[in-house]
Amino acid sequence: MHLSSKVQNFKLLPYLCRFYILYMTFKELGIIDPILKALEAKGYTYPSPIQEQSIPILLKRKDLLGCAQTGTGKTAAFAIPILQHIFNDNRNTKGQRKIKALIVTPTRELAIQIGDSFTEYGKYTGIVNTVIFGGVKQGSQTSALRRGVDVLVATPGRLLDLMDQGYISLKDVQYSVLDEADHMLDMGFIHDIRRIIAKLPTKRQSLFFSATMPTSIVKLSQKMLGNPEKVTIAPKQTTAERVEQALYFVSKKNKPKLLVHLLTRNQVDSTLVFTRTKYGADKIVKALKKVDIHSEAIHGNKSQNQRQKALLNFKEGKTKVLVATDIAARGIDVSELELVINFDLPNVAETYVHRIGRTGRAAASGIAISFCDVEEKPYLKDIQKLIAQQIKVIAEHPFLNSGDNEPAEKPKRPQRSNRPRRNNDQRSDSKKKVDPENKHKRDRRRKPFIRKRD
Ligand code: AMP
C-alpha cells in the first residue's frame, strides 16, 4: 500500500507516519529485485536503523560519514547500495572487470566477513568480489585479481603491497569505503591510509565509518570526503548495560582452576576466553586439554588458515571454547555467543567493552565474567570508571584464597636468561608498526584517554 492511500484519514496521519517509518522495508527503500531476493533468503525484511538512514543517502550517490560500530548492520548499509550502483552501471559494459569499489578494513577477519556479505547480498547480481589480506601467500589473491573483480575488500598493508607490485590499479574505483577508521589509526595504519587515498580517483563516492570520532578521525574523514551527509547510530543500550557482568577476585595462580571450574560446572555451548598475550592463550588451551576440555586458540602467531578453521569450528559448535587475544577476536561475529570470560583483564578499559560486546549481540543478552588478580586492580578501576558501573563481585568461590596476598607469594624476578620470552611474540610480528597484542606495555605509559562508548 502506498503512503498516500494510507493517510486519507487525516487524524491518523501522525500514527501512520510513525508506522510507515518504523516498518519501512528494503523494497520501499528502492532496493532492486536481485538484491531483495538475496536479502529475503537471509531473512532480512526490515532495514536496521543505520541501513534505513544510510541507504537512501548512498543511493543518491552522496558521500557519507557514519558513526557506528560493528553489530549495527553497518556492512549491509554500505554493501547493498554499492552492489545496486555497480549492477545498474554494469548493464552495458563488456570486457575485463575493473575494480569499481574498494573497501578498506583493519583486520583480515573483518575483511573476510565483509567479502562474505558482498557475496551473499550480491549472489543474484553477477557482481564479483575478492578479499585480500596479509599473513598468507599472495598467489590465490593475485590470481583472483587477474581474473577480474568488481569489488575489492582489503586490509591496508596487503593492498599497498599488491599495488606496488602492479597487481592492483585503483584508477577505476567509483565507490570507496574506509571501515573502522578508529581501529585503523589505533593500529598505526594512518600513513598507509593516506597513501591509498592519494591513489583514488577524485571523482568517486566515498564512505567513511568509525565507531568514535576523535579529532584525528574527523581530520582524516575530511581528507577523504567531499561534503558528506552524516549518520550517527547511538546504540539504545550500551554494551555494558546489555550484558550481564560478574567479577571474580582470584590469584593469578588460581585463574586456570577457576576457569576449569566454571567451564565444567556450567553447560555453555559457546565461550570466548580472552587473554592479553598469545603465549597466555596457548597456555590455557594446554591447561584445558589436561582436563579433557577441547578448546582452540586464535592469535597473531597462528596462520590465517588455522585462525579461520578455529573460528569455523567455533561457529559450527564443534569447539565450545575459543581462546583469543584482542586483535584476533576482532570481527568475530558469532550470533549465539553465550559467555565471554576475561581470563586477563585488559589494560585498556575500552578493550573490555569491545570484549564483552562479543556476547549479547543484536537483541540477545549475554554474560561476561572477568577474573581480576591483585595486579589487575588498577585496570578494573579504569574499566568501572569507563562503563560507569560497579561490576557485581562473586564473593564466594572455591579459589578465593590468596587474592590480595598475591604479591607476597610472587617468585623472585627471574634471572635474565630465564625470563619469559615476551619479545619473541613481538619479534614474530615485527613487520607491523605496532603489535596490538603486546602493546599494553606502551599503553600503560601513555595512559589511554577514556571515552565512553559502546
Ligand atoms: P554488521 O554490523 O554489519 O557486522 O552486522 C551485524 C549482524 O546483523 C550480522 O550478523 C548481519 O548478518 C546482521 N544483519 C545486518 N542487517 C540485518 C537486517 N536488516 N536484518 C537482520 N539482520 C541483519
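This report walks through the fold, cores and some individual residues of the structure above.

## Overall picture

Please keep in mind that this is a predicted model. The chain has 454 residues, and 42% of them count as buried. Its secondary structure comes to 21 helices and 14 strands. Contacts across the sequence matter for the picture that follows: among those with a separation of 6 or more, 76% are between residues 24 or more positions apart.

## Two nonpolar cores

As general background, nonpolar side chains in soluble globular proteins tend to be buried together. Here, the largest nonpolar core has 60 residues, and L83, V153 and A154 are those with the most contacts inside it. Helix α5, covering residues 74-90, gives the most to this core, with 8 residues. There is also a second, separate core of 45 residues, which includes A324, L345, A349 and F371.

What does A154 touch once its neighbours within four places in sequence are left aside? The contacts of A154 are L102, V104, A111, I132, F133 and L159.

Strand β4 spans residues 151-154, and V151 lies in it. V151 is buried, because 26 other C-beta atoms lie within 10 Å and a count of 20 or more is what makes a residue buried. Leaving aside neighbours within four places in sequence, V151 is in contact with I82, A101, F118, I127 and N129. V151 and L102 are 49 residues apart along the chain, yet their C-alpha atoms are separated by 6.0 Å.

## A helix with two sides

Helix α11 runs over residues 215-224, and its buried residues are I217, L220, S221 and M224. Seen down the helix axis, these buried residues fall within an arc of 100°, so they line one face of α11. On the other side of α11, the exposed residues are T215, K219, Q222 and K223. The cover over the buried residues of α11 includes the strands β1 (64-67), β5 (175-178) and β6 (205-210), along with the helices α9 (181-186) and α10 (190-199).

## Strand β12 and its partners

Which way do the residues of strand β12 (339-342) point? L339 and I341 point one way, V340 and N342 point the other way, and all are buried. This fits a general pattern: in a regular strand the side chains alternate between the two faces of the sheet.

Strand β12 is joined by 4 bridges to β9 (residues 271-274), and the two run parallel. Within that pairing, T271 has L339 as its bridge partner in β12. Another 4 bridges join β12 to β13 (residues 367-372), again running parallel. Here I341 stands opposite I369 of β13.

## Three loop residues

H299, E180 and A388 each sit in a loop, and the table sets out their C-beta neighbour counts.

| Residue | Other C-beta atoms within 10 Å | Class |
|---|---|---|
| H299 | 24 C-beta atoms | buried |
| E180 | 22 C-beta atoms | buried |
| A388 | 10 C-beta atoms | exposed |

H299 is in the loop between β10 (295-298) and α15 (304-315). Between H299 and T275 there are 9.8 Å in space, C-alpha to C-alpha, and the two are 24 residues apart in sequence.

E180 belongs to the loop between β5 and α9. Although E180 is not a glycine, its phi is positive, at about 50°. A388, found in the loop between α18 (377-387) and β14 (392-393), likewise has a positive phi of about 50° without being a glycine.

Notes: Residues numbered from 1 in each chain as written. Predicted model: local features only at pLDDT ≥ 70, side-chain atom pairs only at ≥ 80, totals over all residues. Buried ≥ 20, exposed ≤ 12 C-beta atoms within 10 Å, placed from the backbone. Arc of directions from axis to C-beta. Contact = placed C-beta atoms within 7 Å. Core = buried A, V, L, I, M, F, W, Y, C linked by C-beta atoms within 7 Å. Pairing = 2+ DSSP bridges.
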